[in-house]
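Open the model in your viewer and keep the selection panel at hand. The tour below goes from one selection to the next.

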Amino acid sequence: MLGYTLKRLLTLIPTLLVASILIFLFVHLIPGDPASILLGDSATPEEIASLSAHMGLDRPLWQQYLVWFKNVLHGDFGQSIFFKTPVLEVIADGAETSICLALMTMFWIVLIGIPVGIVSASFHGSWVDQITSGGAMLLASIPTFWLGLYLILIFSVGLGWFPSSGFPSISDEGGLSNLRYLILPSLTLAAPNAALIVRLVRASMLDVSREDHVRTARAKGLHPARVSIKHVFRNALIAVAAAFGFTFAALVSEAVVTETVFSLPGIGRLVVQSILRRDYPVIQGVILLIVLLYLVINLLVDLAYARLDPRVSLQ
Amino acid sequence: MTLRTTIAAVFRGRKLAALGAVWLCIITVAAIGAQFIAPFDPLEIDPIARLSEPGLPYLFGTDHFGRDTFSRAVYGARMALIIGIGSVLVALICGGLIGLLSAYFSTLGHFLMRIIDVLMAFPALLLALVLMTLLERSVINTVIVIGIVYATTTARIFFGMTLKLKNEVFIDAARCSGAGHGSILFRHILPNLWSPLLVQASFIFAFAQLQAAALDFLGLGLPPEVASWGNMLAEEKIYITRAPWLLMFPGALIILSVFSMNLVGDAMRDSIDPRFKNDIAGI
Amino acid sequence: MEQQALLQVNHLSTHFRSNPTGLFRRAGLIKAVDDISFFINRGEVLSLVGESGCGKTTVGRTLTKLQPSSGGEALFHGRDILPLSQSVFRPLRREIQMIFQDPFASLNPRLTIEQTLAEPLFIHKLAADSNQARQQVADILEQVGLDASVMKRHPHEFSGGQRQRIGIARVMIVKPKLIIADEAVSALDVSIQAQVLNLLKQLQQEHRLSMLFISHDLGVVRHISDRVAVMYRGKIVETASKPEIFSNPQHAYTKKLLAAIPRVPTLQRAS
Amino acid sequence: MALLEINNLSIAVASQGQLLPVVTDCSFSVAAHETLGVVGESGCGKSLTALAIMGLLEGSQVNITSGSIVFDGRDLLQLRPAQRRAIMGNQMAMVFQEPMTSLNPVYRIGEQITEVLQQHRKITHRESRQRALELLDLVKIPHPQDRIDSYPHQLSGGQRQRVMIAIAMACEPALLIADEPTTALDVTVQKEVLDLMLDLQTRTGTSIILISHDLGVIAETCDEVAVMYRGRIIEKATTASLFANMAHPYTRGLLASIPTIDTDNDWLQAIPGRVPGIDEKVNGCPFHPRCAHTETPCTQTAPRLIDTHPHHAVRCHFAGEI
């Protein structure tokens, strides 16, 4: 297990290397010169040229990449052009919001998605199934930002139950009760993803329920609910776990939109604003970290996989 | 099997999916005949009637410029269709070919799929955002970018399905008959992938709508003057408290269309080769 | 040896790597076929018998070059076919044909019977145009006991026995010299199996075909073979003529195999 | 009194709004300590009959349309689901065809054996594990202490089928239904598994219904045989009588089709034609399109089961004549 983990971590290196090159290329192909953006409209060409030279923007692209990558290995993601502070600090500022949002969203997804999926599969073909699985599909068909806007309209503007935007840090005044700022955003973010989990749990359970060993379990005289949970769901969990890696990528995409809708000071909104501001170092840093996180999560999923499915051996 | 019996088999006992198909037909008609259906020019501004409520003559009301929401929605159907079909074509042609060839020629495939794996680590919307900033905001670029984003998943899916087919006995049998690579790929493998391909296309079509709307909303999608449902939402979002219906209509159109396409895709998925069911990335 | 064998296999080995994926995994080696030798004369049926996993199917796949070999030689008409590239081997495929076990999987579900049967004709330039091809397809369908009118249909419209007849037709249409039949009748019900087995035997005798008949079923083997080779864990443990092997088995494994088969009492004809 | 009595059982499958009969008017009984063989080709309805007896058709497209299944004096079809489940795996158990897929891949085999014990017996965890070890020993799995914590994929096909038998025998059932238990196994393993089942039968006195397509397997293991064709029992007899007085043209054809290892014959006497699909309707005797002795009555009326000898019944208009 430990050996496997180490080996897998080693295989992450080439992937990250390729990813870093891609990110660097993408970001540097974005039109717009950071030096001129930084200096504003009133800057003279000489000023821009000297700042470009200072920032190393006049060197060949591959040299710029090597410098950047060497610094990244030392934990230095460079300076934000907009904030004039180290990129890592900028990211750290948004981390609390995004992590809290992610955890709360996961909570909803697991709390709602899995039980509803089990119910849907267990009553396969009945009206319960049609409503839950149809409803899930409808939920997954709603644009995240639209859902967010109407939740704000109803629950913040209309009913005044929850705040509509922003997220003061938990360490600020209010402490944990500040989490109420995240209830609407996390529900918004959870909706399409929980819907996906419902559909996935249902489909996997239906697949498993057709397998021979479920017939064996029924032939033992077990109660249908026991067959459903112990035999069908337990095996379906393998497929569900495998999909959690993909869910993460979808989650990040939608978090970008959600944080924008609710004006949350998180990493998702940071990346959109940085793209609009052409803040190269921040875009590079955030995307690289997201890719790294994605890879780590997939590694964890694989490790979980081996625990869920004894046929998978981690050599 | 004829087309009619196939369609009948897909929608048998699935009234909702059949309704979805009907809705998609309506959208298609609206898209094709937009200039005959829309009562007003989608860009025509009526300064007196800004933010007017639904009624007559403005069925869905007007936006903050005083443009007719109904007419813009009808033209938006055209944009939805263009985005959907365009992205599907880009995704299936690029991704499908990469997946097919990678699975068949394993040395090349190993390399290509590694790249695809790396690209899949980028969240779809972020990849689209970065790509959109590289390019001008235009309809064609939006189509290409969304298509590329879904080409990665499509490549993965086709890779898996082709691998399965490649190990089929009838492929061995064809090789024993002396069939060459071209014949095996395009005569024996590809025709068996048409139906999963169609199902995948319907899901990509649905996802592309949501993705395009999100790009529009973030201000990096279609040019602002284009009448698309996403743009209508993006432009009017600040008026949501003053005129809540403004976001209701385009939103409902997106939801209905995406939902319909998902329903149709889901119905089709149940009628394809069961081996490929779990490969399809859909709802 | 007074006459040259049609197929002479010497020291053939086929090894697989287990778990070939993974960057750091040391791949284990599975010796599916381990240094086996045999020959098949013209017009002769050699059966390769063994239980699942003994490597008999791999022998067939190696000889049709669906699977690369790891060592040894396979002389067909005195020419070693193992080192040939796929494109050099292609013309020879006409002479070495394979019948597969699963009649449900060995036909492309998307092609009509005519398309499937005509394909090898065009590949090997045995038919100039589609009219000629259609005529040959009709002839061969009749030979395998099917009506020529079925050629417009798709595989899913046929029963298992019919599909296996189509599989045989695909092989016979190119007039091969050597047929490798891999469990050709084991997926069929007994009453259908008998029909197909009779057909196979009849075609073999009519065209003086050589055949490598791979099977796990000793009853079927007794019915069709001239000689029998018994395989166990990748090796041939015993080769003998059919009467020898059934009346006087030498190897302990052969004896065990024969003893394990459930016997049916012979029918007492009611008078 | 017989342990199990099936009376006029009919089963139909729902397909596109209509009910297609798959088993028609099927009657037989199994006495205590006896082995009944059910033989027939694929699609003849033998497996569905077994699933119907076991109570595993619920929730599928297949329905029992008429008849009764009397087990130990009670009609199983009249019982409530909970009463039915109390019998399943307890007094009546089943072994399936596919040993590779019939065990749950994510649980250790010990867990899968103790599960059925804990369902039907009031015993502690420790006792049930002890019993599982005994059972593994009983089905001749070497080193049960080491094997009890294995996962199914770590065992060979033959061993998995032994585990399936251990699960089935755990509560010492009065009736064991074995549906093609050795079809997926090699002949040498098949012999071992069949020997094991017969050995267990002599030890525990359980009755067995053995379903197989292989007349050889049936001949070597069963006391009585029922031959099925297109959902009907067409011949039913003691094994000795069946092979001595085989009367139905289909049974004879089936026997003649088998290539035996004991005789050389150039050509097999195959039954011509094929089994009609379940959606094809055949008037009269279901076998008449393939039968060499077809005469007018065969195409018009379906024959009934007629006793030709003591303990020997045949469903043929010309039973005993041909």
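## Stop 1: chain A against chain D

This is a predicted model. Start by selecting the contact between the two chains: 20 residues come from chain A and 27 residues from chain D. About 2,200 Å² is buried between chain A and chain D. Carbon and sulfur atoms give 55% of that area.

Now look for charges. Three salt bridges cross the interface of chain A and chain D. For one of them, select Lys220(A) and Glu115(D): their side chains meet, N to O, at 2.9 Å. Widen the search to polar contacts and the count between chain A and chain D is 17 residue pairs, both residues at pLDDT 80 or more.

Which helices of chain A each supply at least two residues to the side that touches chain D? Select helix 9 (212-219) and helix 10 (224-261). Helix 10 of chain A gives the most to this side, with seven residues. Color the chain A side by residue class: six residues are nonpolar, six are polar and eight are charged.

## Stop 2: inside helix 9 of chain A

Stay on helix 9 of chain A and show Arg215(A) and Asp212(A), which both lie in this helix. They sit three residues apart, about one turn of the helix. Their side chains form a salt bridge at 3.9 Å, N to O. With a cut-off of 4 Å for such N and O pairs, the count over all chains is 30 salt bridges.

## Stop 3: chain A against chain B

Hide chain D and show chain B. Here the contact takes 43 residues from chain A and 42 residues from chain B. Chain A and chain B bury about 3,900 Å² between them. Of this area, 83% lies on carbon and sulfur atoms.

How many salt bridges cross the interface of chain A and chain B? The rule finds one. Select Arg199(A) and Asp266(B) to see a salt bridge with its closest N and O atoms 3.0 Å apart. Polar contacts between chain A and chain B come to seven residue pairs, with both residues at pLDDT 80 or more.

Next, highlight the elements of chain A that give two or more residues to the side touching chain B. Among them are helix 1 (2-29), helix 6 (127-140), helix 7 (144-158) and helix 8 (183-209). Helix 10, helix 11 and helix 12 (280-308) of chain A also belong to this set. By class, this side of chain A has 34 nonpolar, six polar and three charged residues.

## Stop 4: one helix pair across the interface

Zoom in on helix 11 (residues 267-277) of chain A and helix 6 (residues 124-134) of chain B. Their axes come within 10 Å and cross at roughly 10°. Angles under 35 degrees count as roughly parallel, and the two helices are therefore roughly parallel to each other.

Show side chains. Helix 11 of chain A brings Val271(A), Val272(A) and Ile275(A) to the contact. Helix 6 of chain B answers with Leu126(B), Leu129(B), Val130(B) and Thr133(B). In this contact six residues are nonpolar, one is polar and none is charged.

## Stop 5: chain B as a whole

Zoom out and isolate chain B. What does the secondary structure of chain B come to? There are 12 helices and zero strands. From the N terminus on, each element in the run of chain B is an α element. Finally, orient the chain along its principal axes: the C-alpha trace of chain B spans about 75 × 45 × 30 Å.

Definitions and conventions
Residues are numbered from 1 along each chain as its sequence is written. Chains are lettered from A and ligands numbered from 1 in the order in which they are written. This is a predicted model: local features need pLDDT of at least 70, side-chain atom pairs count only at pLDDT 80 or more; totals for chains, interfaces and linings use all residues. Side-chain values use heavy atoms; hydrogens and water are left out. Contact means heavy atoms within 4.5 Å. Buried area is the accessible area (1.4 Å probe) that two parts lose on being put together, summed over both. A polar contact is a pair of N or O atoms within 3.5 Å; within protein, one must be able to donate a hydrogen and the other to accept it, and residues adjacent in sequence count only if both atoms are side-chain atoms. Helices (H or I, at least four residues) and strands (E, at least two) are DSSP runs, numbered from the N terminus. Ala, Val, Leu, Ile, Met, Phe, Trp, Tyr, Cys and Pro count as nonpolar, Asp, Glu, Lys and Arg as charged, and the others, Gly among them, as polar. Axes are lines fitted to C-alpha atoms, for helices over the stretch in contact, and angles run from 0 to 180 degrees between N-to-C directions. Angles under 35 degrees count as roughly parallel, over 145 as roughly antiparallel, 65 to 115 as roughly perpendicular and the rest as oblique.
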